[in-house]
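These are my notebook entries on one structure, in the order in which I looked things up. Have the structure open as you read along.

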Amino acid sequence: MRVSPITAAILLSEEGLNALRIALPDLPDSPLIFLFVQETDELGLWVRVKRKTEDHVLLIRWEFVLTIDLPAAEVKTVGMKP
Amino acid sequence: MQISVEGRRSSVGDWQAVSEIPADQLKPLTPEQAAVVAELKISAEDYARSILEGERASEALLEKTQRFARFLNQRFASRVGGVQIDSVALETWAGKFRVAIRGKVNTVFRINEDLVDDLFEGGSKEADERISRVIDLVVGERVV
């Protein structure tokens, strides 16, 4: 299943959330966090975040990820003349 | 011909563009979306941005699907008569295009999205040949 790139709502374990708050002090005060998942691999989620002047990519290891919430059912359709 | 995108995927470009929009210029949430925000205790601003990002990305994916449909239409027309494309759908989760054809041949087949990207983004001759081979196989197997 191809889940990236996309902004997803991610629920992390307490340990994962605490670690992420060290890296991203401005995270909203919610257990479910919206992050842009640029890529996934065997290590975990590579998320792209904005810091003051530039973008950074952070790794969230799978062991800290409890849930990833993605919009699944959206179907966008148009008609086209052949 | 029906063109559709099933599921959602975005891009770094869409994410960057949406993240630079000032919070007060974001589209207000619908009552249903606001209810989701309250229920899940999530950031309303982040949720609004993710919705906008998804809308932009869907447009881009729809354009890509349309472009591939036009390409397929030309390819079918030049290889086999009496076949019309009924629909082309991009299944974002599977990374495949699902194509339904009718006429002399009635069937549904899939083509890897990566192959189409190789063709459109890389101009790959091999991808072009492989897509043509898929078409030949589909038509060859179904026409008696």
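Which residue in E1(B) is the bridge partner of Lys76(A)? I found Val5(B) in that place.

**Ground rules.** This is a predicted model: I needed pLDDT of at least 70 for local features and pLDDT 80 or more for side-chain atom pairs, while totals for chains, interfaces and linings use all residues. Residues are numbered from 1 along each chain as its sequence is written, and chains are lettered from A and ligands numbered from 1 in the order in which they are written. My helices (H or I, at least four residues) and strands (E, at least two) are DSSP runs, numbered from the N terminus.

**Strands across the chains.** I looked at the pairing behind that bridge. Strand E6 (residues 75-79) of chain A runs antiparallel to E1(B), with five bridges between them. Two strands count as paired if DSSP finds at least two bridges between them.

**The shared sheet.** I then followed the strands outward and found an open sheet of five strands with mixed pairing, in the order E6(A)-E1(B)-E2(B)-E3(B)-E4(B). E6 of chain A and strand E4 (107-112) of chain B are at the edges, each with a single partner strand, so one side of each is left without a neighbour in the sheet. From one strand to the next, the twist averages 20°. For such angles I use axes that are lines fitted to C-alpha atoms, for helices over the stretch in contact, with angles from 0 to 180 degrees between N-to-C directions.

Strand E3 (residues 96-103) of chain B pairs with E4(B) in the antiparallel sense over six bridges. Phe97(B) is opposite Ile111(B) in E4(B). H3(B) packs on the sheet, where it touches E6 of chain A together with E1, E2 and E3 of chain B, and its direction makes about 150° with that of E2(B). Helix H4 (residues 113-122) of chain B lies across E2, E3 and E4 of chain B and runs at about 60° to E4(B).

**The interface.** I counted contacts next (C-beta atoms, placed from the backbone, within 7 Å). On chain B, 33 residues are in contact with 24 residues of chain A. Strand E1 (2-6), helix H1 (12-19), helix H3 (44-79) and strand E2 (83-91) of chain B each give two or more residues to the side that touches chain A. H3(B) gives the most, with 10 residues.

**Two helices of chain B.** How do H1(B) and H3(B) meet? Their axes come within 9 Å and cross at roughly 135°. The pair is therefore oblique, a word I keep for angles that are not under 35 degrees (roughly parallel), over 145 (roughly antiparallel) or 65 to 115 (roughly perpendicular). The contact is made by Asp14(B), Trp15(B), Val18(B) and Ser19(B) of H1(B) with Arg49(B), Leu52(B), Glu53(B), Arg56(B) and Ala57(B) of H3(B).

**A hairpin in chain A.** Strand E3 (residues 44-50) of chain A and strand E4 (residues 55-61) of chain A are antiparallel partners over seven bridges. Four residues link E3(A) to E4(A) in a hairpin, and Gly44(A) has Arg61(A) as its bridge partner in E4(A).

Is His56(A), in strand E4 of chain A, buried or exposed? His56(A) is exposed, with 11 other C-beta atoms within 10 Å; the cut-offs are 20 or more for buried, 12 or fewer for exposed, and partly exposed in between, with C-beta atoms placed from the backbone. Leaving aside neighbours within four places in sequence, I found His56(A) in contact with Val49(A) and Arg51(A).

How values were computed. Two residues are in contact if their C-beta atoms, placed from the backbone, lie within 7 Å.
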